[in-house]
Amino acid sequence: MELRFLPPYSLNPHPIERLWKCMNEKVLSNKYYEKFSAFKHAVMGFLESLSSPSTEILHQLKKRITNRFHLYSSV
């Protein structure tokens, strides 16, 4: 485990936000869940799939979750 300083606000979202965006695209985007239990099952299924992700998900996560932060001078 490695600790990294992340500014409280960044134009480049924090890595966890990029994971949520990926989940949103896979689980929530353009989908309707009749019952909360179905929604919960879909979200939990996505999160559980991260323990052994498909090649597609792994590629998307590697592409999105990086440490490429843009620093701007306040001068």
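**Group meeting talk: a predicted three-helix model**

Among the elements of the protein, helix α2 has the highest mean pLDDT, at 94, while helix α3, which covers residues 55-64, has the lowest, at 81. I start there because what you have in front of you is a predicted model, and where pLDDT is low, the predicted coordinates should not be read in detail. For the protein as a whole, the mean pLDDT is 80, and 76% of the residues reach 70 or more.

Let me turn to the overall layout. The secondary structure comes to 3 helices and 0 strands, and if you read along the sequence you meet the pattern α-α-α. The protein has 75 residues, of which 20% count as buried.

What makes up the largest nonpolar core? It consists of 9 residues, namely L19, C22, M23, V27, A42, V43, F46, I57 and L61. Each of the helices α1, α2 and α3 supplies at least two residues of this core, and α1 gives the most, with 4 residues.

Moving from the core to the surface, there is a nonpolar patch of about 350 Å², and the residues that make it are I16, W20, M44 and L47. The elements that give two or more residues to this patch are α1, residues 15-28, and α2. If we take one residue from each of these helices, I16 lies in helix α1 and is partly exposed, with a relative accessible area of 45%, whereas M44 lies in helix α2 and, at 38% relative accessibility, also counts as partly exposed. Both residues can belong to the patch because membership asks for over 30% relative accessible area, and I16 has 45% while M44 has 38%. I would also point out I16 for another reason, namely that I16 and I65 are 49 residues apart in sequence, yet their C-alpha atoms are 8.1 Å apart in space.

Next, the charged contacts. Side chains of opposite charge can pair when their charged atoms come close. How many salt bridges does a search of the whole structure find? It finds 1, and the partners are K26 and E56, whose closest N and O atoms are 2.5 Å apart. This pair links distant parts of the chain, since K26 sits in helix α1 and E56 in helix α3, 30 residues apart. As for accessibility, K26 counts as partly exposed at 29%, and E56 is likewise partly exposed, with a relative accessible area of 45%.

Now to the aromatic rings. A pair of aromatic rings is described by the distance of the centres and the angle of the planes. The structure holds 2 aromatic pairs. In one of them, Y33 and F39 are arranged edge-to-face, with 5.9 Å from centre to centre and 65° between the planes; this pair earns the label edge-to-face because its angle of 65° lies over the 60 degrees that the label requires. In the other, F36 and F39 form a tilted pair, with 5.8 Å from centre to centre and 45° between the planes.

Why might F36 and F39 be placed to meet? They are 3 residues apart in helix α2, which spans residues 36-49, so that about one helical turn separates them. Taken together, Y33, F36 and F39 form one aromatic cluster, and its members can be described by their accessibility: Y33 is partly exposed, with a relative accessible area of 24%, F39 is partly exposed at 28%, and F36 counts as exposed at 60%.

Finally, one residue of the backbone deserves a mention. Where is N30 found? It is in the loop between α1 and α2, and its phi is near 55°, which is a positive value in a residue other than glycine. Is N30 buried or exposed? At 81% relative accessibility, N30 counts as exposed.

To draw this together for the discussion, the predicted model shows three helices that each supply at least two residues of the largest nonpolar core, a nonpolar surface patch to which α1 and α2 each give two or more residues, and a salt bridge that links helix α1 to helix α3.

Conventions. Residues numbered from 1 in each chain as written. Heavy atoms only, no water. Phe/Tyr/Trp six-rings, centres within 6.5 Å; stacked < 30°, edge-to-face > 60°. Buried < 20%, exposed > 50% of the residue type's maximum accessible area, 1.4 Å probe, protein only. Patch = residues over 30% accessible without salt bridge, like charges linked within 9 Å, V, L, I, M, F, W, Y side chains within 5 Å. Areas by Shrake-Rupley, 256 points an atom, 1.4 Å probe, with all protein chains shown as cover. Salt bridge = Lys/Arg side-chain N within 4 Å of Asp/Glu carboxyl O. pLDDT = per-residue confidence, 0-100. Core = buried A, V, L, I, M, F, W, Y, C linked by side-chain atoms within 4.5 Å.
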